[in-house]
Amino acid sequence: MKYHIFIGSTLDDLKNERKEIPRIIMELGHIPVMADYLDLSSRSGQQLLQKTIEECDYFVAVVAHKYCPAKERTSPLEAEYNLTVKKGIPVIALIIDEKARWKASKKEKEAALTKKLEEFKKKLRTGRHETWLNSTDLCLKLQTLLVHEINLHPQNGWVKSDKAVSPTVANELSRLSAENEQLRRQVKMEDNQIVTKLREQMKHALKVLSLNKTTLSFYYATGENWENSRQFRYVRIFKLLVPELSLGKTTSEIARFLGTVLNPDLDKLVRKDYPTPSNSIKKIMADFSLLKLVKCINDDEGSGDEIWEITEYGKEIYSAYRIRQLEKAFVKKG
């Protein structure tokens, strides 16, 4: 069972920690969700955020010594938390330990905001929570809390058990079933031989992803041209995109996501629209499509901004990749 897990925190003071939390959630086999890539300034921004949170199974609140963004008086995190509690979504809180070393520049200086922060922390402590000293401690505590919470309060998961199968899913299942039957007739193999062949196909796909690279350049908000060209392996890009494409993403959204996540210069902010070249992103998605890892689900071909979604086969490939990564721990231990 896979779960959507919303990550809420203040942004400016917890940049490093926010990079590690999605990794932990993905390594546990679940799907991290953040508001970073939602356009909350639009008319429907808050409705979109509310819908995103409502569709999540768990909420992770990470708090340090900041209550709200600079020049603001209210906390987006507390508003998200209040909505989560109202909807009955389980909350996991990770509150910084008072003994933790922390830069003074990343602490609230105004007494009124400090008081609001302490009142908010008091609310968080009424539920499942832990304190943390540093990024490593935060990740360990998060992993433990998530496992306990999922065991104690299992949710419906990202495929709702009380919902009927959609026509799209039914068609995809029908197509896969037909392909499997055709494969049986063609090669005339027993079940165990078919499994072996499919495993070899997946190994080949993973090898192709590992050996092939692509070059991405970055366009910064204050820049005037493309900069910092870097090579990235396809397998790295694929594993980053899997949770993003589970709900479908446009080419422009993928470009924005990869530009933000892979940005080699964290001191510079990438521009909002196509921080990575559109032709490079389209080539990557076309290659993934050839490998049957993703599919274009945009019916409006004239829109110019395709919508991409992970295929069932793509999910199987990612699952095989994660299993191989996890098995490496046994090899090292041996």
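**Reading the labels on a predicted fold**

Modeller: The structure holds 8 aromatic pairs, and one of them is formed by F6 and F59. Residues are numbered from 1 along each chain as its sequence is written, and side-chain values use heavy atoms, with hydrogens and water left out. The model is predicted, so local features need pLDDT of at least 70 and side-chain atom pairs count only at pLDDT 80 or more, whereas totals for chains, interfaces and linings use all residues.

Colleague: What makes F6 and F59 an aromatic pair, and why is the pair called stacked?

Modeller: Rings of Phe, Tyr and Trp (its six-membered ring) pair if their centres lie within 6.5 Å, and planes under 30 degrees apart count as stacked. The centres of F6 and F59 are 5.5 Å apart, with 10° between the planes, so both conditions are met. The pair also links distant parts of the chain, F6 being in strand β1 (residues 4-9) and F59 in strand β3 (residues 58-63), 53 residues apart.

Colleague: Why does F6 count as buried?

Modeller: Buried means under 20% relative accessible area, exposed over 50%, and partly exposed in between, with a 1.4 Å probe and protein chains only. F6 has 0% relative accessibility and is therefore buried, and F59 belongs in that class because its relative accessible area is 1%.

Colleague: And why is the pair of F218 and F232 called edge-to-face?

Modeller: The centres of F218 and F232 are 6.4 Å apart, with 80° between the planes; planes over 60 degrees apart count as edge-to-face, and those that are neither stacked nor edge-to-face as tilted. F218 lies in strand β6 (residues 213-218) and F232 in strand β7 (residues 227-233), 14 residues apart, and the pair links distant parts of the chain. F218 counts as buried because its relative accessibility is 0%, and F232 is buried at 6%.

Colleague: How do you know how many helices and strands the protein has?

Modeller: Both are DSSP runs numbered from the N terminus, with H or I over at least four residues for a helix and E over at least two for a strand. By that rule, there are 11 helices and 10 strands.

Colleague: How do you know at what angle helix α1 and helix α5 cross?

Modeller: Two packed helices are described by the angle between their axes and the distance between the axes. Each axis is a line fitted to C-alpha atoms over the stretch in contact, and angles run from 0 to 180 degrees between N-to-C directions. On that basis the axes of α1 (residues 15-27) and α5 (residues 135-152) come within 10 Å and cross at roughly 35°.

Colleague: Which residues meet where α1 and α5 touch?

Modeller: Contact means heavy atoms within 4.5 Å. E17, E20, I21, R23, I24 and I25 in α1 meet S135, L138, C139, L142, Q143 and L146 in α5. These residues divide into 7 nonpolar, 2 polar and 3 charged, where Ala, Val, Leu, Ile, Met, Phe, Trp, Tyr, Cys and Pro count as nonpolar, Asp, Glu, Lys and Arg as charged, and the others, Gly among them, as polar.

Colleague: Why is E149 called buried?

Modeller: E149 has a relative accessible area of 5%, which falls under the limit, so the label holds. This residue lies in α5 and touches Y58, P90, I92, R128 and P154, not counting residues up to four places away in sequence.

Colleague: Why does F120 count as buried?

Modeller: F120 has 1% relative accessibility, so it is buried, and its place is in helix α4 (residues 111-124). With residues up to four places away left out, F120 touches V63, Y67, L77, E78 and Y81. F120 and V63 are 57 residues apart in sequence, yet 9.5 Å apart from C-alpha to C-alpha. L77, E78 and Y81 are among the buried residues of helix α3 (residues 76-86), and the buried residues of α3 pack against elements including α4.

Colleague: Why does K71 count as buried or exposed?

Modeller: K71 has 89% relative accessibility and therefore counts as exposed. K71 sits in the loop between β3 and α3, and its phi is near 70°, a positive value in a residue other than glycine. N228, in strand β7, also has a positive phi, near 50°, but counts as partly exposed because its relative accessibility is 25%.
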